[in-house]
Amino acid sequence: MSSGALPVLSPQQLVSCAPNPLKCGGTGGCGGSIAEFAYSYIQQFGMTTEEVYPYAASTGKCVWNASMGEPRVRIGGYRRLPPNSYTAVMLALARVGPLAVNVAADDMMDYEGGVFAGCGSSGNVDINHVVQLVGYGTDPHGGDYWLVRNSWGTSWGESGYIRLRREATPACGEDRTPLDGTGCAGGESVQTVCGACGILFDASHPIDAVVVQGGEASLVV
């Protein structure tokens with residue numbers, strides 16, 4: 001974009017309007033869903049800004065319609081990476097950019113800083129939260145990490161981010177409650193998930209994303 005600034009998009013539009021017909025990761029809205037359904041909705045209808053469709057902290061009724069103006073973002077589709085592939089995630093981060101990933105978030109609640117290694121692979125790795133994987137690096141004390149942007153506000157973690165331990169040969173475990181995160185009604189009862197907090201299991205990103213301004217579209221991804 002000529003301004004160098006990206007619009008602040010409306011999560012409420014997705015919460016209220018993106019359907020979850022297969023009951024994947026929940027019942028839809030604040031009851032849970034998956035990133036792929038959000039991408040499908042944006043591909044069909046586009047996405048507006050927070051200013052036009054403000055956050056309401058509840059599912060609410062979908063009120064988006066053409067009279068509210070032209071969507072600010074459109075996408076041509078999305079790509080889901082191969083499950084549990086460390087190499088695919090590393091390459092996508094380097095070549096495409098941030099990814100939507102699913103993690104087991106319960107153990108992260110009290111995170112304050114540093115490279116987090118608090119998610120084990122024994123027992124039930126309950127994937128139940130979508131976050132944004134934005135990068136990776138190496139800490140001189142904590143070792144290799146994934147840099148993850150959460151949605152719990154800037155007072156949590158490291159200004160809203162967490163660094164999850166990154167292993168070239170990631171440990172794997174079992175998610176025995178897949179309906180909490182990525183599973184769909186009638187689907188598998190157990191899923192093998194790999195990486196810290198299951199971060200490698202379900203990663204995806206939009207393709208052919210454009211920002212629309214003044215009737216002109218600028219390619220982003």
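# Two domains and a seven-stranded sheet

The chain is assigned two domains: domain 1 (11-78 + 206-219) and domain 2 (84-201), with bounds that come from an automatic or database domain assignment. This is a predicted model, where local features need pLDDT of at least 70, side-chain atom pairs count only at pLDDT 80 or more, and totals for chains, interfaces and linings use all residues. Residues are numbered from 1 along each chain as its sequence is written, and side-chain values use heavy atoms, with hydrogens and water left out.

Reader: What distance separates the centres of domain 1 and domain 2?

Author: Let's start with the two domains. The centres are taken over C-alpha atoms. For domain 1 and domain 2, the separation is 24 Å.

Reader: Which residues of domain 1 lose the most area to domain 2?

Author: Buried area is the accessible area (1.4 Å probe) that two parts lose on being put together, summed over both. Between these domains it is about 570 Å², and carbon and sulfur atoms give 56% of it. On the side of domain 1, three residues together make up 46% of what that side buries: Cys24, Gly25 and Ala35.

Reader: How many residue pairs are in polar contact between domain 1 and domain 2?

Author: Nine residues of domain 1 are in contact (heavy atoms within 4.5 Å) with eight residues of domain 2. A polar contact is a pair of N or O atoms within 3.5 Å; within protein, one must be able to donate a hydrogen and the other to accept it, and residues adjacent in sequence count only if both atoms are side-chain atoms. With both residues at pLDDT 80 or more, the count between the domains is four.

Reader: In what order do the seven strands of the open sheet lie?

Author: Strands (E, at least two residues) are DSSP runs, numbered from the N terminus, and two of them pair if DSSP finds at least two bridges between them. The pairing in this sheet is mixed. Strand S2 (77-80) and S4 are the edge strands, each pairing on one side only. The full order is S2-S10-S3-S5-S6-S7-S4.

Reader: Which residue in S6 stands opposite Gly135?

Author: S5 and S6 form a hairpin with three residues between them. Seven bridges pair these strands in the antiparallel sense. Opposite Gly135 stands Leu147.

Reader: Which residue in S5 stands opposite Leu99?

Author: Strand S3 (residues 99-103) also joins S5. The two run antiparallel, with five bridges. Leu99 faces a partner in S5, Leu133.

Reader: Which residue in S7 stands opposite Val115?

Author: S7 (residues 161-165) pairs with S4 (residues 115-116) in the parallel sense, over two bridges. With S6 (residues 143-149), S7 runs antiparallel and is joined by five bridges; there, Arg149 stands opposite Tyr161. For Val115, the residue opposite is Arg163.

Reader: Which side chain meets that of Asp139 in a salt bridge?

Author: A salt bridge is a side-chain nitrogen of Lys or Arg within 4 Å of a carboxyl oxygen of Asp or Glu, and the structure holds seven. This one (2.9 Å, N to O) links distant parts of the chain, strand S5 (residues 129-139) and strand S7, with its residues 24 apart. The partner of Asp139 is Arg163.

Notes:
Helices (H or I, at least four residues) and strands (E, at least two) are DSSP runs, numbered from the N terminus.
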